[in-house]
Amino acid sequence: MRNERLRGYLDVILLSILSEGDSYGYDIVQQVNEQTHGALLLKEGSLYPALKRLEANRFIGGYWGTDKDTGPRRRYYSITERGKTHLKELKREWYAEQRMLSTFFGKVNFE
């Protein structure tokens with residue numbers, strides 16, 4: 001996926017993942033990779049600025065924690081109520097855009 005297109009979807013991707021449960025950066029990257037079967041490779045250069053932006057807008061909250069099995073200290077993120085509302089709005093917008101664009105996709109010849 002092109003970087004400019006990814007930027008448009010990154011917030012909804014991150015909020016969707018965090019709506020399933022708290023997570024940290026590396027785990028988020030792994031979830032994106034698994035869920036897209038490797039089609040979307042999320043890099044730290046886009047992930048952490050997006051997480052900071054979402055946190056600054058109070059869509060997510062961050063806290064320091066440790067994994068009981070491996071022990072290293074990590075920054076975990078969780079979606080806030082404001083973030084859940086924002087995610088619903090983003091999804092609504094996406095479905096509206098998808099419906100609108102699909103009117104043109106039927107007319108395109110990809111040969």
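I count two residues as in contact when heavy atoms lie within 4.5 Å. I needed that cut-off for the helix pair below. The model I am reading is predicted.

**Entry 1: helix 2 against helix 3**

I looked up which residues meet between these two helices. Gly25, Tyr26, Ile28 and Val29 of helix 2 touch Leu47, Tyr48 and Leu51 of helix 3. I sorted the residues of this contact by type: six are nonpolar, one is polar and none is charged. Next I took the geometry. The axes of helix 2 and helix 3 are 11 Å apart, and the packing angle is about 115°. I noted the crossing of helix 2 and helix 3 as right-handed.

**Entry 2: the two sides of helix 2**

Which residues of helix 2 are buried? I found Gly25, Ile28, Val29, Gln31 and Val32 within residues 25–35. They span an arc of only 160° around the axis, so they sit on the same side of helix 2. The general rule behind such a pattern is that an α-helix has 3.6 residues a turn, so residues three or four places apart point the same way. I then checked the other side of helix 2, where Tyr26 and Glu34 are exposed. I came back to Tyr26 here, since I had already listed Tyr26 among the residues that meet helix 3.

**Entry 3: two positive phi values**

I went through the backbone angles next. His37 is not a glycine, yet its phi is positive, at about 55°. His37 comes just after helix 2, in the loop that leads from helix 2 to helix 3. Is His37 buried or exposed? His37 counts as exposed, because its relative accessibility is 75%.

Arg58 gave me a second case. Arg58 is a residue other than glycine with a positive phi, near 65°. I placed Arg58 in the loop between helix 3 and strand 2. Its relative accessible area is 53%, so Arg58 is exposed too; the cut-off for exposed is over 50%.

**Entry 4: the sheet**

I traced the strands. Three of them make an open sheet in the order 1-3-2, with antiparallel pairing. Strand 1 (23–24) and strand 2 (60–66) are the edge strands, and each pairs on one side only. How many bridges join strand 2 and strand 3? I read seven bridges, in the antiparallel sense, with strand 3 covering residues 73–79. As one point on the strands, I marked Gly65, which stands opposite Arg74 of strand 3.

**Entry 5: helix 3 over the sheet**

Where does helix 3 lie? Helix 3 (residues 44–56) lies across strand 2 and strand 3, and runs at about 120° to strand 2. I picked Lys52, a residue of helix 3, for a closer look. Lys52 counts as exposed because its relative accessibility is 58%. I also took the spacing from Lys52 to Gly62: their C-alpha atoms are 9.1 Å apart, and the two residues are ten apart along the chain.

**Entry 6: the whole chain**

I closed with the overall tally. The protein has four helices and three strands. From the N terminus, I read the elements as α-β-α-α-β-β-α. Of its 111 residues, 31% count as buried. I also looked at contacts between residues at least 6 apart in sequence; 47% of these join residues at least 24 apart.

Terms used
Residues numbered from 1 in each chain as written. Predicted model: local features only at pLDDT ≥ 70, side-chain atom pairs only at ≥ 80, totals over all residues. Heavy atoms only, no water. Buried < 20%, exposed > 50% of the residue type's maximum accessible area, 1.4 Å probe, protein only. Arc of directions from axis to C-beta. Pairing = 2+ DSSP bridges. Axes fitted to C-alpha atoms, helices over the stretch in contact; angles between N-to-C directions. Left-handed = near helix turned anticlockwise from the far one by under 90°. Nonpolar A, V, L, I, M, F, W, Y, C, P; charged D, E, K, R; others polar.
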